[in-house]
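This report walks through a model of two protein chains, moving from one local feature outwards. Please keep the sequence and the picture beside the text while reading.

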Amino acid sequence: MTRLLRDTMEEWAGEVRVPYHLADRALRRRAWSPVAAAVLATGLAVVVAVLAVGLHGPNTTVRPANGVSVPVLPTVTSTDVRADIENAPPKRFVAAGDVAVSAYWTTWQEPLPDGAERVRRTWYLYDPRSDGYEKTAWAWLDVAPGLQLAAVLQGDMIGRRVGILDMNSREVMAWIDLEHDVGSLVWSPDGTKVLATAYSRYPEPSRKRASRHSFDVAFPASPRIGYYLIDVATGEAAYHRLPALDGTVQPGNSNGRQDLGWSLDGSMLWEPTDTMPDRLWLSLDGRRQEGPPGDQYIDYSAWSKVSPDGTRVLSRDLPPARPGKQVVLQTLAWADNDNVLALGCAGTCGSEFDNGLVLVSVDGERTTQLTGNRDRGGDDSWHWVLTRRN
Amino acid sequence: MDAADEQRFREFVSARSPALMRLGFLLTGGDQHGAEDLVQAALTKLAARWQQVGAPEAYVRQIMFRQQVSWWRAIGRRGEVVQAVPPDRAGADRTHQSELRMVLRGALARLTPRQRAVLVLRYFEDLPEDRVADALGCSVGTVRSTTHRSLARLRQVAPELAAELEAAP
């Protein structure tokens with residue numbers, strides 16, 4: 001018996017792969033002492049503050065915690081309504097109140113050698129120089145509140161290199177190298193950290209055509225292995241293990257992609273389920289805990305149901321201006337205290353997939369089209385990324 | 001840490017990382033990413049205390065043992081490696097040693113990290129009970145009872161190994 005255990009362990013241990021950069025990583029992490037990081041952050045903040053004045057003149061402010069992150073914001077806030085009703089996805093910048101379409105992604109199907117296919121994304125990022133959207137080659141991206149910086153992921157489908165991109169100059173200001181591949185990036189609400197979900201392989205499922213109208217979709221276990229919290233000012237990336245949720249228990253998740261998100265105040269994280277409750281809460285170091293008291297979210301989103309002034313809460317449907325007439329398909333975010341960014345339906349709301357972005361007043365009286373309508377049920381659909389402008 | 005210390009640290013990691021990774025791989029139940037994290041975290045701590053630590057390998061191993069158990073406590077049972085399928089059940093005609101070893105791997109992966117750590121220390125590292133107790137920061141009695149429970153769990157998870165495991169000391 002002893003021999004069987006020994007032989008088994010010997011043989012099994014022989015299958016491990018030995019990384020070659022263990023010493024470098026250990027020495028690098030040790031080197032990020034708080035004092036050194038603070039000195040570096042201060043130095044970078046000064047550099048960027050000078051740069052900010054150069055770019056925008058005296059009418060600028062620099063956000064408190066910045067360093068490399070440095071969202072440089074105009075003191076005059078942007079709340080105007082910007083629409084591109086002829087196009088879906090939009091070609092010109094779309095925004096209303098405090099919410100902007102900062103980026104969007106479209107999908108395409110990549111053929112695989114075994115006859116299957118899997119979904120891939122193409123990312124488009126708001127470009128303030130052209131006031132439109134620029135097609136990019138990043139594997140994933142997210143725009144920081146204020147629209148001054150983006151976090152971009154270098155790689156084919158997943159990757160280990162995260163860049164902090166200046167939206168105005170389109171230059172990557174800092175690169176952060178990680179030990180594990182990550183598949184999504186999300187800025188913290190205060191714009192100082194990036195949450196990156198780590199996967200051992202590309203998390204999207206593959207599918208094979210079963211008939212003219214159907215596919216067999218493979219749902220292997222999710223390859224999520226953990227997440228990074230990246231402090232943008234110091235470049236420090238703290239890794240936390242977090243196995244995927246199981247799809248066979250409730251609440252659980254049978255999807256391969258299980259990207260994490262932030263609580264509204266950035267003090268906690270959540271992982272998505274594929275049912276209700278739609279999220280499970282974690283402390284920043286990955287311990288399961290109760291959600292933030294009083295926080296109310298629009299289902300499956302990172303946006304609050306509570307209006308900015310705290311006086312109204314969105315219900316599932318907006319009241320129709322005329323009885324029996326549906327106003328919108330889905331509410332997405334508060335644009336200001338009286339208007340909501342929503343998914344509006346084309347014509348008489350006959351198809352839930354035929355839709356576009358609209359701005360609608362809370363009484364359902366006034367609807368402003370923001371993008372063209374388009375049937376978003378097909379493979380060539382587009383998906384917006386909403387970001388706070390101010 | 002000066003340049004000479006850094007050079008010695010690099011030499012230590014270069015020489016010992018294969019053994020440390022093998023140990024980490026077993027402690028995490030065959031999880032490559034988990035093993036890298038475990039070894040990396042222990043080496044980072046060693047680097048921070050390099051000048052004070054007299055026996056670096058023993059220090060790193062002790063951190064790995066205790067870290068693995070505490071990570072498991074922190075994230076609960078989700079820390080176990082989930083097998084896509086239950087461990088292969090060998091039939092009466094599948095008594096070949098290599099097949100038994102595959103079955104035993106699957107069963108080891110289904111132990112708790114603490115149970116697995118005790119078996120790794122006893123049978124892979126070949127340590128006596130008192131040194132296992134030192135490494136895990138528990139009593140010799142706890143080592144004995146955990147060993148007993150770990151073997152019982154292996155028999156329960158993989159009944160076809162019961163006959164082999166009956167001969168346990």
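Strands E14(A) and E15(A) form a hairpin with four residues between them, and in the turn A:Gly235 has a positive phi of about 80°. The model in which this hairpin appears is predicted. The two strands of the hairpin, E14(A) and E15(A), run antiparallel and are joined by six bridges, and within this pairing A:Ile230 has A:Ala237 in E15(A) as its bridge partner. E14(A), which covers residues 224-231, is mostly covered, since seven of its eight residues are buried.

E14(A) also pairs with strand E11 (residues 193-199) of chain A, through seven bridges and again in an antiparallel arrangement. In this second pairing A:Tyr199 has A:Arg224, a residue of E14(A), as its bridge partner. As a general point, the side chains of a regular strand alternate between the two faces of the sheet.

**The two chains**

The table sets some values for the chains side by side.

| Chain | Helices and strands | Residues and buried share | Contacts at least 24 apart, among those at least 6 apart in sequence |
|---|---|---|---|
| Chain A | three helices, 24 strands | 390 residues, 37% buried | 48% |
| Chain B | eight helices, zero strands | 169 residues, 37% buried | 61% |

Read from the N terminus on, the elements of chain B run α-α-α-α-α-α-α-α.

**The nonpolar cores**

Which residues have the most contacts inside the largest nonpolar core? That core has 71 residues, and those with the most contacts inside it are A:Leu141, A:Ala150, A:Val194, A:Ala196 and A:Leu341. Its largest share, six residues, comes from strand E4 (residues 99-111) of chain A. If its neighbours within four places in sequence are left aside, A:Leu141 is in contact with several residues, including A:Ala103, A:Trp123, A:Leu125, A:Ala150, A:Val152 and A:Leu185. A second core, separate from the one just described, has 38 residues and includes A:Ala26 as well as B:Leu43, B:Leu46 and B:Val120.

**Where the chains meet**

The contact between the chains takes 32 residues from chain A and 43 residues from chain B. On the side of chain A that touches chain B, the elements that give two or more residues are H1, helix H2 (22-31), strand E10 (172-187) and strand E15 (236-241) of chain A, so named here that E15(A), the second strand of the hairpin with E14(A), can be recognised again. The largest share of this side, 10 residues, comes from H1(A). Sorted by class, the side of chain A that touches chain B has 17 nonpolar, five polar and 10 charged residues.

**Helix H1 of chain A**

Helix H1 of chain A has 12 residues (residues 2-13), and because a helix should advance 1.5 Å a residue, a span of 16 Å is expected, which agrees with the 16 Å between its end C-alpha atoms. Which residues of H1(A) are buried? They are A:Leu5, A:Thr8, A:Met9, A:Trp12 and A:Ala13. These buried residues cover an arc of only 120° around the axis, and therefore they lie on the same side of H1(A). What covers the buried residues of H1(A) includes three helices of chain B, namely helix H1 (3-27), helix H4 (97-109) and helix H5 (113-124).

Conventions:
Residues are numbered from 1 along each chain as its sequence is written. Chains are lettered from A and ligands numbered from 1 in the order in which they are written. This is a predicted model: local features need pLDDT of at least 70, side-chain atom pairs count only at pLDDT 80 or more; totals for chains, interfaces and linings use all residues. The expected span of a helix is 1.5 Å times one less than its number of residues. A residue is buried if 20 or more other C-beta atoms lie within 10 Å of its own, exposed if 12 or fewer, and partly exposed in between; C-beta atoms are placed from the backbone. The arc is that of the directions from the helix axis to the C-beta atoms. Two residues are in contact if their C-beta atoms, placed from the backbone, lie within 7 Å. A nonpolar core is a set of buried Ala, Val, Leu, Ile, Met, Phe, Trp, Tyr and Cys residues joined through C-beta atoms within 7 Å. Ala, Val, Leu, Ile, Met, Phe, Trp, Tyr, Cys and Pro count as nonpolar, Asp, Glu, Lys and Arg as charged, and the others, Gly among them, as polar. Two strands pair if DSSP finds at least two bridges between them.
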